[in-house]
Amino acid sequence: MAKILDGEALAEELRKGLRESVKNLADVGARPGLATVHMGDDPAAESYIKMKQRDCEELGINGTHVDIDSNAPAEELYDVLAELNEDPDIHGILVQDDVPEHIDWLEAVSHIDPLKDVDGLHPNNVGRLVAGNSRFVPCTPLGIQKLLTEENIEIESADVVIVNRSMIVGKPLSNLLIQKTDGGNATVTLCHSRTRNLAEKTRQADILVVAVDNPEFIDGSMVSEGTTVVDVGIGRIDADNEKGYELVGDVDFESVEPKADYIAPVPGGVGPLTRVILHNNTIKAAKLQEGIDFETE
Ligand code: NAP
């Protein structure tokens, strides 16, 4: 039976440290501020934003939210970002990735001051991560790394197979895990929809990270005995419960779990860490901008 990588428990542990950091900042008269910006209509994105804002309240972070009409021109979004860049009470800015077709999300993100880019997606921060001199590491990859290192899962020299090449998961995660640092030194294979013989590659993995956005895409036949499996996918299926849906991952838990040594499930694995890292990055941003020098992740 695989050991479950419990993201909820680790996130709660990390939140304790964040509350302490917010308190330390308050002692020197500073309060971290996070602005979320949303220009789309997806109810799932709206609920993610609500959760992020609720976390802000609970952690003592000054949370602000800006909604922009999804028919507005890109310039309106850029103007909002320019204002937030200048706002001394805002240290971190996040543009939710649910944007209408006429908006290039990464182009929009490049309008954020790199010192406030707590999602780590501004070209400046992407470049720093690649160069091994990171400032803000994208939240989901850093959360995955923490989930692995917390459990003392050997990353050094491991064969890591990532099925995803997006800017928020696969590319930053591969850059993070190949760095010559603790929690790095892995050999990474990045797979995507054009990868030939995918199952051959996933079976080679010591650590398999999956984010294809296709419920239960990876089954037991694609995983070798003793693998660490990290399910990142978040799908929704209709369910007869209060919410009317259930979250499902990209890994078929039933057939994969008996073969894996460790498994980060959906829900309860990577998801809770993504949010906590966002707030960690916001606190780090506040320290950077306020010139406060004490321990940060
Ligand atoms: P995305 O940009 O659509 O990326 C999906 C990736 O899967 C792409 O690289 C795609 O390849 C690859 N893929 C799709 N079908 C495939 C196939 N048949 N074989 C191999 N590769 C295939 O999505 P994303 O934004 O990265 O998110 C992916 C999933 O992770 C979503 O379910 C999302 O909700 C979830 N997610 C969760 C968290 C969290 O905190 N837990 C954070 C971020 C994302 P191509 O590049 O060739 O198209």
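# Loops, ligand and a domain contact

Me: P267 has its place in the loop between β11 (262-264) and α10 (271-290). What makes an element a strand or a helix here?

Reply: Both are DSSP runs numbered from the N terminus: H or I over at least four residues for a helix, E over at least two for a strand. One caveat up front: this is a predicted model, so local features need pLDDT of at least 70 and side-chain atom pairs count only at pLDDT 80 or more, while totals for chains, interfaces and linings use all residues. Residues are numbered from 1 along each chain as its sequence is written, and side-chain values use heavy atoms, with hydrogens and water left out.

Me: What joins V266 and P267?

Reply: A cis peptide bond, with omega at about -5°.

Me: And what makes N152 stand out?

Reply: N152 is not a glycine, yet its phi is positive, about 55°. You'll find N152 in the loop between α6 (139-150) and β5 (159-163).

Me: Which residues are closest to the ligand?

Reply: N164, R165, S166, S193 and T274, out of 19 that surround it. Counting as near takes one heavy atom within 4 Å.

Me: Why does the R165 pair with the ligand count as a polar contact?

Reply: The cut-off is a pair of N or O atoms within 3.5 Å (within protein, one must be able to donate a hydrogen and the other to accept it, and sequence neighbours count only if both atoms are side-chain atoms). A side-chain N or O atom of R165 is 2.7 Å from a ligand oxygen, so the pair qualifies. T274 passes too, with a polar side-chain atom 2.7 Å from a ligand oxygen. For H192, a backbone N or O atom lies 3.4 Å from a ligand nitrogen, so that pair also makes the cut.

Me: How do you know where the domains are?

Reply: An automatic or database assignment sets the bounds: domain 1 is 28-116 and domain 2 is 139-272. Their C-alpha centres are 27 Å apart. Six residues from domain 1 and four from domain 2 make the contact (heavy atoms within 4.5 Å).

Me: How many salt bridges cross that interface?

Reply: Zero. A salt bridge needs a side-chain nitrogen of Lys or Arg within 4 Å of a carboxyl oxygen of Asp or Glu, so no such pair turns up between domain 1 and domain 2. Residue pairs in polar contact, both at pLDDT 80 or more, also number zero. On the domain 1 side, α2 (43-59) and α4 (105-109) each give two or more residues, and α2 has the largest share with three.
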